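User: Could you pick one part of this model and walk me through it closely? I'd like to see how the strands are put together and what packs around them.

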Amino acid sequence: MDNTGRTPVPGDNPGEPPDENTLDSSNSSTDSVIPSELPAIEDEPTQLLEAETQLLPTYAGQEDDLGPVQVPVVSSMASAQDEPSEPDVPDEIENVEDIPTQINTFDEPPATSYSDYPEESVYGGQDDVVEDYEDYTEPDDDAGAQGGIAAWDTYEERAPSYYIPPSVSPRRLQMSRRRRRYIFYIRHSVRARQAARSNALTRLAWASAIVTGAIILTLLTGSIGIAASYYQSQQAVVTSLNRTVSSHDSVRIYDSTGILLYQFSDYGAQHSISLANVPISVVNATVAIEDRSFWVNQGIDFTSIVRAAIADIQTKSINQGGSTITQQLIKQNVLNSNETFDRKLREAILSIGMTMSGAYSKSQILEMYLNSIPYGQEAYGIDAAASAYFGYQDDPVTGESAAQQLDLAQSSMLAGIPQNPNTNNPLLHPQHAHDRQKDVLNSMIVAGYITPAEMDAALKESSSPNFFHPQASTKNLAPHFVNFVEDQLSTMLQTGQLHLTRSGLNVYTTLDIGLQDKVQQAMKDHLYGNDRDDYGGHIRNDHLTNLAGMVVQHSTGAIRVFLGSVDYNSTTIDGQFNVLTQGPGRGPGSSFKPIVYATAFSKGWFPGMSIADMPTIFWDNGQEKPYNPLDFNYNEFWGNITLRTALQNSLNIPAVKVMQFAGVDDVRTMAMRMGITDWSGTWGLSSVLGTLDVHPYEMVQAYTVFANYGQYIPLYAIDKITDSSGDTLFQYTQPRPIQVMTPQVAFLVTSVLSDNFTRAKDFGACSPLFLDTTLKGGDCQAYLRQRPPGDPTGQATWPSPNAWPAAAKTGTGENFKDDWTLGYTMDYTAGFWGGNNDHTPMYHIDGITGAAPIWRKALLYAEQGKPKTPFPVPSGVQKITYSSGGVTSTDWIITGVTPPKDIGNAGPTQLPCIVFTNDENNPWRYSSGNCQGILKPGGGSPYRP
């Protein structure tokens, strides 16, 4: 026993190692019993010993100067069952964090760090263990621990919060330390397994990365191949993109002065122009707001794509842009607008391929973009937008485009529209459009294109009330003519005259819209104004509801005026019906007679021979019945007169005699050669009076033969056709004229139809057929009285130097259903018709009051500024004085023809007795009494006012 009264046990003395036999003895005290198996770590209590209030005797250490320490008695370890056993390493412990942090087997609270213990304690200096360094190795011997036991009884003063019960045997201390070492081992093992697993995962990650990289590289290589293959398959489409863009251009029809008549814009208006005709403000504004890196990127902008992709992924939909100008061009003209990832991928491939392959330069790409991008208002391309919003028009004469006239304010406004042509439309959403314009101008400032001062000026201008001048894209200045041209385009395609694989045409026509507008206004004034008929009434009250007509330049065949009705938009008169070319035609009346006379002149007759205007019964082979016509003034007869007088005064009975001489078949052949190929009705003697229905268009064509001295030159409306690039696809070349009658015969007809002196007997000297602007001053009357030198009859063909020499003929259809005037000067041929589309008759209207006033005004408008050129006398004609049937006249005759004496059809000197009936097939008959006919006083003698 020691001086404390306690029997020492092995290990009590500091520095003395415990007896191994004692440790292993089965007769040891209960404190020294060691279970064969330790419980699992998680089964161990966090505090194995609990302090009691009983105090043990004082134990004084051998080397301590400290006073006695009162140690509480620990009674919870009374048996071997309380001895802790060494636990197995549980398999489920995979992480260090799963190991209990409190491993004390005594009453000591767990330390946060072993550095909290005194260095000389068994726990001292073990921070490296607590920190779980992987290179930590637990010592094999217990010397350090045993050496510290002797000092534990003095530990209270140095570490008063920890108490080492002196009653605990060294064996138990050793087991506690083993437990701690075992826990450290578990920690180390778990850490090692974690490290091994981490290394394995790292190796797996690297292997996966390498494999993934290889796969990506393979896929990328394959994708590049697929992309290249896709681009190759679309290369033809890409290389023809410029033609694709231009093919969407509207077909535009211009008049002869370059005024746009109409553009076919069923799918929107588009006008392709070169980049040189686009102002720099449009270029800079577009690049700044749509694709700031356009001039340097390779067709796509990766930064914008990533930004857009992130936003699209977040919203799980494609809402963001990121498309470059090149991509938008591809989307608009090659692919479609469906917002799918597949389409965007193909769009990117084509954009990169088109840019990097050099298929198009940046300038060409921008040009195509600006020509095709939608700007709202059914306008595609900047040029169409300039017209739609600001009213600018292309000038084919100077070459200035509509877009070229845009300033900065207008350019920036238009540049903001394509992002969303609906919401950015300034005519529909002005505030939104102005906000968008500010964005455009700010982008231009950032890009260095403009200054803030220029931005302020542009915003001020765009805020003015008259900033916009919108134009209707469907306005048609000449609807009947445009329809006529459209039909001709179709014919040209069918006949192969025009090889057309795309639209986007610029059609330059022969029409003079300025002249046509004047003529159309004259028509309206005549029908609805204060013009009067021969009976003193107003035309507007004579049931004359419609007029139609043409003016052509007969030397070339160019159509200058083409009016199918007085008002295309009138539903009252069915104004869309084109009287000039549609339907079965209209009865030309006496305007057909010159064709018959020309046939007779070609057979030897001439204007100076005589013919009898007396009641005559004919046998009409065509109609297979007797035919006994009357003149317009049915009860008046002129007796023996010249053919000149008969034609100029439009007498019917002499005309039938001329038809009988010329022959119906030969007249029909002559009419066809002159251009009349479409008629309805039966040919016969009555045809000379205009009983066939023909179109005004063909009647005008026939009269151009007279004006061209017997040459047939076809009428035409299309002068040139170009594509949107300005390349000429068609150029009209005047065909070689066809001589359908001799110049001498044509001149004989012209000399008669231009003889105002002769026609004055029936129409008056100052009729609408006299092209003198001074009619009210009596100029026509004054010169009519003068006899040209060498003309014994006093015949004056061109009586006034103030008048344009003109040849003209009127015609009145059967039952006053149609009214005509056709004629020509040295420059133009004109033909006008008046009547009703429903074929109802007019009242108080004849050939000189219905259509003639419009014919006169039209030619006076057309001749303004042109010389008053008389009809030249061709070689092969001469004047002779000839007597026939008691009538003597000086007139033209074809040289070399010596007519026999008294040639012609001479009638009786006395008018036979006739009576008139109400039977239109037999309007008169011979009678022995009650004579109703009158022989016109003076007969064929010259008119004297």
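Analyst: Let's start with a single pair: the bridge partner of Gln-553 in S7 is Ala-558. Strand S6 (residues 546-553) and S7 run antiparallel, with 5 bridges joining them. Strands here are DSSP E runs of at least two residues, helices are H or I runs of at least four, and both are numbered from the N terminus. Two strands pair if DSSP finds at least two bridges between them.

A word on the numbers before going on. This is a predicted model, so local features need pLDDT of at least 70 and side-chain atom pairs count only at pLDDT 80 or more, while totals for chains, interfaces and linings use all residues. Residues are numbered from 1 along each chain as its sequence is written, and side-chain values use heavy atoms, with hydrogens and water left out.

Back to the sheet. S6 and S7 belong to an open sheet of 5 strands, ordered S7-S6-S23-S22-S21, with antiparallel pairing. At the edges sit strand S7 (558-563) and strand S21 (807-812), each pairing on one side only. From one strand to the next, the twist averages 10°. Axes are lines fitted to C-alpha atoms (for helices, over the stretch in contact), and angles run from 0 to 180 degrees between N-to-C directions.

Two helices lie across this sheet. Helix H18 (residues 513-528) covers S6, S7 and strand S23 (829-835), running at about 30° to S7. Helix H27 (residues 852-863) lies across S6, S21, strand S22 (818-824) and S23, at about 150° to S23.

There's a link from S21 to another helix, through Arg-759. Arg-759 lies in helix H25, and Ala-808 is one of its contacts beyond its neighbours within four places in sequence; contact means heavy atoms within 4.5 Å. Others on that list include Gln-648, Leu-753, Gly-764 and Phe-770.

H25 (residues 756-763) is largely enclosed by the rest of the structure, because 6 of its 8 residues are buried. Buried means under 20% relative accessible area, exposed over 50%, and partly exposed in between, with a 1.4 Å probe and protein chains only. The buried ones are Asn-756, Phe-757, Thr-758, Arg-759, Ala-760 and Lys-761. Just after the helix, Gly-764 takes a positive phi of about 95°.

So what does the buried Arg-759 have for company? Its nearest side chain of opposite charge, Asp-755, is 7.2 Å away, and Arg-759 has no salt bridge. For charge, Lys and Arg count as positive and Asp and Glu as negative, with His and the chain ends not counted; a salt bridge needs a side-chain nitrogen of Lys or Arg within 4 Å of a carboxyl oxygen of Asp or Glu. Its side chain does have polar partners: a polar atom lies 2.6 Å from the backbone oxygen of Leu-753, and a polar contact of 3.2 Å joins it to the side chain of Asn-756. A polar contact is a pair of N or O atoms within 3.5 Å; within protein, one must be able to donate a hydrogen and the other to accept it, and residues adjacent in sequence count only if both atoms are side-chain atoms.

For the wider setting, the chain has 27 helices and 29 strands, and 50% of its 945 residues count as buried.
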